[in-house]
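Please open the structure in your viewer and keep the selection panel at hand. This tour goes from stop to stop, saying at each one what to select and what is there.

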Amino acid sequence: MSKLLELEDVGAPECCAPLSGPTLGEDEAAELAGVFKALSDPVRLRLLNMIASAERGEACVCDLTGAFELTAPTISHHLKVLRQAGLIDGERRGTWVYYRAVQERLTRLSGLFALPAPSPV
């Protein structure tokens, strides 16, 4: 028994719309590669997620360390990498440091691969 397959024209404009943002230059691509390198570690990705989703928009390092089976110096190292990548900022209050996500940086990353909104039919 023969089955016919329907082929889709992948060259059709409605199939594969280009990204909505501008193309990256060499310098920006190199900078963003460093940011993605910082995010390539599961612990750092979780830390950023915890910080960005924290109430009041910030998280105390004292609240972050308990979520991991890692030493405080290791968590501090991961936070330092996120900070150097420009993804978080910190503010010392007494003996604790409070971290918050850098919204402009996260917005830039989220828009990097954004597709244009589909046009109404």
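What follows is a walk through the sheet, the helices on it, a loop and the salt bridges.

The model is a predicted one, in which local features need pLDDT of at least 70 and side-chain atom pairs count only at pLDDT 80 or more, while totals for chains, interfaces and linings use all residues. Residues are numbered from 1 along each chain as its sequence is written, and side-chain values use heavy atoms, with hydrogens and water left out.

**The sheet**

Begin by selecting residues 59–60, which are strand S1, and 88–93, which are strand S2; then add residues 96–101, strand S3. Strands (E, at least two residues) and helices (H or I, at least four residues) are DSSP runs, numbered from the N terminus. Together the three strands make an open sheet in the order S1-S3-S2, with antiparallel pairing, and S1 and S2 are its edge strands, each pairing on one side only. Two strands count as paired if DSSP finds at least two bridges between them. In general, strands of a sheet pair through backbone hydrogen bonds, either parallel or antiparallel.

Stay with S2 and S3, which are antiparallel and joined by six bridges. Select Glu91 and Tyr98 to see one bridge pair, and then Arg92, which stands opposite Val97 in S3. The two strands form a hairpin with two residues between them, and Gly94 in the turn has a positive phi of about 70°. On the other pairing, S1 and S3 are antiparallel over two bridges, and here Ala59 stands opposite Tyr99.

Now colour the two faces of S3 separately: Val97, Tyr99 and Ala101 make up the covered face, whereas Trp96, Tyr98 and Arg100 make up the uncovered one.

**The helices on the sheet**

Which helix lies across S1, S2 and S3? Select residues 42–52, helix H2, and you will find that this helix does so, running at about 85° to S3. Axes here are lines fitted to C-alpha atoms, for helices over the stretch in contact, and angles run from 0 to 180 degrees between N-to-C directions; contact means heavy atoms within 4.5 Å. Next select residues 72–84, helix H4, which packs on the sheet and touches S2 and S3, its direction making about 125° with that of S2.

**A loop residue**

Move to Arg56, in the loop between H2 and S1. The phi of Arg56 is near 65°, a positive value in a residue other than glycine. Arg56 is exposed, with a relative accessible area of 72%, where exposed means over 50%, buried under 20% and partly exposed in between (1.4 Å probe, protein chains only).

**The salt bridges**

The whole structure holds five salt bridges, each being a side-chain nitrogen of Lys or Arg within 4 Å of a carboxyl oxygen of Asp or Glu. Select Glu91 again, this time with Arg93, and a salt bridge of 3.4 Å, N to O, appears; add Arg100, which forms a salt bridge with Glu91, the closest N and O atoms being 3.9 Å apart. Salt bridges that share partners join Glu58, Glu91, Arg93 and Arg100 into one network.

For the last stop, select Glu31 and Arg105, whose side chains meet in a salt bridge of 2.7 Å, N to O. This pair links distant parts of the chain, with Glu31 in helix H1 (residues 26–39) and Arg105 in helix H5 (residues 103–112), 74 residues apart. Is Arg105 buried or exposed? Arg105 is buried, at a relative accessible area of 19%, while Glu31 is partly exposed, at 43%.
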